[in-house]
Amino acid sequence: PLCGSALSVQPAMAGYFSSSATDGVADLTDIPGLDDGMICTNLRVRYFRDEIYTFCGGILVAVNPYKLLPLYHKDYVQRYSGKRLGAEPPHIFAIAESMFDNMCQDRGNQCAIISGESGSGKTECTKFILQYLTAVTRNPKWVEQQILEASVVLEAFGNAKTLRNNNSSRFGKYTQICFNKTNCIIGAVIDDYLLEKSRISFQSPGERNYHIFY
């Protein structure tokens, strides 16, 4: 995920940017002579079209829209299920499907690294990946509920309001989804680390303690 201030372009620089960037292409690798300015221009164009996801090869760049978008219902799960990466427009479900397919084909572990600034949407991206995996695999309903609801409990103890984000995760999280030989989810292991313990006894002005205390 990526968030930040808008890019200001001087008139003298307008011709410098690739027409591909100003068109808002789906994959940044399609832009010739790619640089920071072109990346920001391309992401900004797509952002204002509510296209918050952009590929950079096998990497997905997500820009937090700070509003609800109808991109995660069952029709989208069906749209990306069984499709190779790049066959459909950029989406967090495309990454989840790619990992799931690689796991099924290669019988090996897969890993997604989700990084970004505070408020960029890391926690939500994690939830969307879990949502997709529980939707495309045949699991007892209680397994899906336990995995998704466990994140809510963790957020209560490890998330807090900051100046930049009302639901900021103040710890690192490693989520391991466990599958059986028939590719069905049988459980999950969630490890947390680097919890901001000082927040329990002190909060900066305008910030709050962990949600569980309210």
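Helices here are DSSP runs of type H or I with at least four residues, and strands are DSSP runs of type E with at least two, both numbered from the N terminus. These labels are used throughout this report on a predicted model.

**Overall layout**

The chain has 214 residues, of which 37% are buried. Its secondary structure consists of 6 helices and 6 strands. Followed along the sequence, these elements come in the order α-α-β-β-α-α-α-α-β-β-β-β. Along the principal axes, the C-alpha atoms occupy a box of roughly 55 × 50 × 30 Å.

**The nonpolar core**

Which residues have the most contacts inside the largest nonpolar core? They are Tyr-53, Leu-71, Tyr-72, Ile-92, Phe-93 and Tyr-132, in a core of 30 residues. Several elements supply two or more residues to this core: strands E1 (53-56) and E2 (59-62), together with helices H3 (74-80), H4 (92-106), H5 (122-136) and H6 (141-158). The greatest contribution comes from H4, which gives 9 residues.

**The E5-E6 hairpin**

Further along the chain, strand E5 covers residues 172-179 and strand E6 covers residues 185-193. The two strands are antiparallel and pair over 8 bridges. One of the bridge partnerships is between Phe-179 and Ile-185, the latter in E6. In a regular strand, side chains alternate between the two faces of the sheet. E5 and E6 make a hairpin in which 5 residues lie between the strands. Within that turn, Asn-183 has a positive phi of about 65°.

**Positive phi in two loops**

Two other residues with positive phi lie in loops. Tyr-66 is not a glycine, yet its phi is positive, at about 55°. Tyr-66 sits in the loop that runs between E2 and H3. With a relative accessible area of 56%, Tyr-66 is exposed, because that value is over the 50% limit. Arg-107 is likewise not a glycine and has a positive phi of about 55°. The loop that holds Arg-107 lies between H4 and H5.

**Salt bridges**

The model has 11 salt bridges in total. Three of them are listed below, each with the distance between the closest N and O atoms.

| Basic residue | Acidic residue | Closest N to O distance |
|---|---|---|
| Arg-79 | Glu-88 | 3.0 Å |
| Lys-83 | Glu-88 | 3.0 Å |
| Arg-170 | Glu-196 | 2.9 Å |

Glu-88 forms a salt bridge with Arg-79 and another with Lys-83. Is Glu-88 buried or exposed? Glu-88 has a relative accessible area of 19%, so it counts as buried under the 20% limit. Its two partners have higher values and are partly exposed: Arg-79 has a relative accessibility of 34%, and Lys-83 has 35%.

What does the pair of Arg-170 and Glu-196 tie together? Arg-170 belongs to the loop between strand E4 (168-169) and E5, while Glu-196 belongs to the segment after E6, so their salt bridge links parts that are 26 residues apart in sequence. Both members are partly exposed, Arg-170 at 22% relative accessibility and Glu-196 at 24%. Through shared partners, salt bridges join Arg-170, Glu-196, Arg-199 and Glu-207 into one network.

**A nonpolar patch on the surface**

Nonpolar side chains also appear on the surface. Val-153, Phe-157, Ile-200, Ile-212, Phe-213 and Tyr-214 make up a nonpolar surface patch of about 640 Å². Among them, Ile-200 is located in the segment after E6. Ile-200 has a relative accessible area of 46% and counts as partly exposed, because this value lies between the limits of 20% and 50%.

**Cysteines**

A disulfide is a covalent bond between the sulfur atoms of two cysteines. How many disulfides does a search of the whole structure find? The search finds 0. Why does Cys-111 have no such bond? The cysteine sulfur closest to that of Cys-111 belongs to Cys-178 and is 14 Å away, which is too far for a bond because the two sulfur atoms would have to be within 2.5 Å. Cys-111 is exposed, with a relative accessibility of 56%. Cys-40 is partly exposed, with a relative accessibility of 38%.

Note on methods:
Residues numbered from 1 in each chain as written. Predicted model: local features only at pLDDT ≥ 70, side-chain atom pairs only at ≥ 80, totals over all residues. Heavy atoms only, no water. Pairing = 2+ DSSP bridges. Buried < 20%, exposed > 50% of the residue type's maximum accessible area, 1.4 Å probe, protein only. Patch = residues over 30% accessible without salt bridge, like charges linked within 9 Å, V, L, I, M, F, W, Y side chains within 5 Å. Areas by Shrake-Rupley, 256 points an atom, 1.4 Å probe, with all protein chains shown as cover. Salt bridge = Lys/Arg side-chain N within 4 Å of Asp/Glu carboxyl O. Core = buried A, V, L, I, M, F, W, Y, C linked by side-chain atoms within 4.5 Å.
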